[in-house]
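User: I have a model open and want to learn how to read it. Could you take me through it feature by feature?

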Amino acid sequence: MKFKLLIFFPLLVLLTSSFHTPAYQLARLKYSGGGDWYGNRTALGNLAAFCNQNLHTNFAPDEAVAEAGSPEIFNYPFVYMTGHGNVVFSAQEAQNIRRYLIGGGFLHIDDNYGLDKYVRIQLKKVFPELSFIELPANHPIYSEKFKFPNGLPKIHEHDGKRAQGFALIWEGRIVCYYTYECDLGNGWEDFGTYPGDTAEKRSNALKMGANLVSYVLTH
C-alpha cells in the first residue's frame, strides 16, 4: 500500500500535466542468466513517443534500465522484459520483483523467441501461488484505447503458432502480462529493422503497446 501511495501522485502528473519536463520513463529489466535482456534496442523509445502523442502521456524519450534486484525498479510504473535466452532470478531478485508488482508495478514480458521455457520457471519464483492464464479476446486490455477484437495481434512469425497474451493476476489486477509468439517489441522498433516489417504490423504493435500503458496508468 505504501508503494501505491508513493506512485499515485506522479502517475496523476503523468496523465494531466502540461509541463514539458518528462514525468516518467519506461524501463527495461536487466536480468542474469546470459539472455539478451538488451534486445529490441529502439523499442521503448518509440513506444514512449507513440504514447506521448496518442495518450497524452509525458514519458522521457530514452528508456531506463532497472536491475531485477535493485530498489530503483520502484521508480518505474512500466517495466519491459525481453530476450531470446536464459533468465535466472536469485531469491532476492524474485522477492524484489514480487514487492514491486504487489505494490502497484507492472511487468510486460515479451518473448523474443526462446524465452518461454525459462521465464515461466523464474516467474514461479516470484509468484509460486499464481499461474499464467490466457486472456480472452474480449478482455478490456484489448480495447483500452485501440480496439483488437481478436485479441493480441501477431507481429513477427516464428513457428506458425497464434499470438497469445498471458497474465498473472493478483487480487483482480494484472501485474504481469506475457506476450508469446507475437514479438510485440519487434514492432515497436525503428521501421525497417526487420525485413518482414510492414507499416500495418508496426502500427498494430504500437497501438497494442499503448493499450498496455493505458491499462497500467488507469487500473
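Analyst: Start with pairing: two strands pair if DSSP finds at least two bridges between them. One bridge to look up here is G83, which stands opposite D111 in β4. Keep in mind that this is a predicted model.

User: How many bridges join β3 to β4, and in which sense do the strands run?

Analyst: Five bridges join β3 to β4 (residues 107-111), and the two strands run parallel. β1 and β3 also pair in the parallel sense, over two bridges. There, R28 has Y80 in β3 as its bridge partner.

User: Which strands run antiparallel?

Analyst: β6 and β7 run antiparallel, joined by seven bridges. For one pair to click on, take I169, whose bridge partner in β7 is I174.

User: What is the order of the strands in the sheet?

Analyst: The order is β2-β1-β3-β4-β7-β6-β5. This is an open sheet of seven strands, and its pairing is mixed. The edge strands are β2 (64-67) and β5, each of which pairs on one side only.

User: What links β3 and β4 into a unit, and what is its hand?

Analyst: Look for the helix between the strands. For handedness, point the strands away from you and follow the path from the first strand over the helix to the second; clockwise is right-handed. Here β3, helix α3 (residues 91-102) and β4 make a right-handed β-α-β unit.

User: Now side chains. Which residues point which way from β3?

Analyst: The general idea comes first. In a regular strand the side chains alternate between the two faces of the sheet. In this case V79, M81 and G83 point one way from β3, while Y80 and T82 point the other way.

User: Is β3 enclosed or open, and why?

Analyst: Judge it by burial. Buried means under 20% relative accessible area. Five of the five residues of β3 (residues 79-83) are buried, so the strand is largely enclosed by the rest of the structure.

User: Let me try single residues. Where is N40, and is it buried or exposed?

Analyst: N40 lies in the loop between β1 (27-30) and α2 (43-54). A loop position does not settle the matter, so check the accessibility: N40 has 4% and counts as buried.

User: What does N40 touch?

Analyst: Leave aside its neighbours within four places in sequence. N40 is then in contact with R28, Y80, T82, D110, N112, G185, N186, E189 and Y194. With Y80 there is also a polar contact, side chain to side chain, at 3.0 Å.

User: And N138: where is it, and is it buried or exposed?

Analyst: N138 sits in the loop between β5 (133-134) and β6 (164-170). Its relative accessibility is 65%, so N138 counts as exposed. To get a sense of scale, compare its C-alpha atom with that of A199: the two are separated by 25 Å, and the residues are 61 apart along the chain.

User: What about E181?

Analyst: E181 is found in the loop between β7 (173-180) and α5 (184-188). At 2% relative accessibility, E181 counts as buried. Not counting residues up to four places away in sequence, E181 touches Y113, K154, H156, H158, D159, K161, R162 and A163.

User: Can we take one from a helix?

Analyst: Try S214, which is in helix α6 (residues 199-218). S214 has 12% relative accessibility, so it counts as buried. Outside the residues up to four places away in sequence, it touches L55 and E144. The C-alpha atoms of S214 and M81 are separated by 18 Å, with their positions 133 residues apart along the chain.

User: Step back. How many helices and strands does the whole protein have?

Analyst: It has six helices and seven strands. Along the sequence they follow the pattern α-β-α-β-β-α-β-α-β-β-β-α-α. The radius of gyration is 16 Å, close to the 17 Å that the globule rule gives for 219 residues, so the protein is as compact as a globular protein of that length. Its C-alpha trace spans about 45 × 40 × 30 Å along the principal axes.

User: Which totals should I note for burial, contacts and surface?

Analyst: Of the 219 residues, 52% count as buried. Take the contacts with a separation of 6 or more: residues 24 or more positions apart account for 75% of them. The accessible surface comes to about 10000 Å², and 56% of it belongs to carbon and sulfur atoms.

Terms used. Residues are numbered from 1 along each chain as its sequence is written. This is a predicted model: local features need pLDDT of at least 70, side-chain atom pairs count only at pLDDT 80 or more; totals for chains, interfaces and linings use all residues. Side-chain values use heavy atoms; hydrogens and water are left out. Helices (H or I, at least four residues) and strands (E, at least two) are DSSP runs, numbered from the N terminus. Buried means under 20% relative accessible area, exposed over 50%, partly exposed in between (1.4 Å probe, protein chains only). A polar contact is a pair of N or O atoms within 3.5 Å; within protein, one must be able to donate a hydrogen and the other to accept it, and residues adjacent in sequence count only if both atoms are side-chain atoms. Contact means heavy atoms within 4.5 Å. The radius of gyration is taken over C-alpha atoms; the globule rule is 2.2 Å times the number of residues to the power 0.38. Accessible areas come from the Shrake-Rupley method with a 1.4 Å probe; for residues, only the protein chains shown count as cover.
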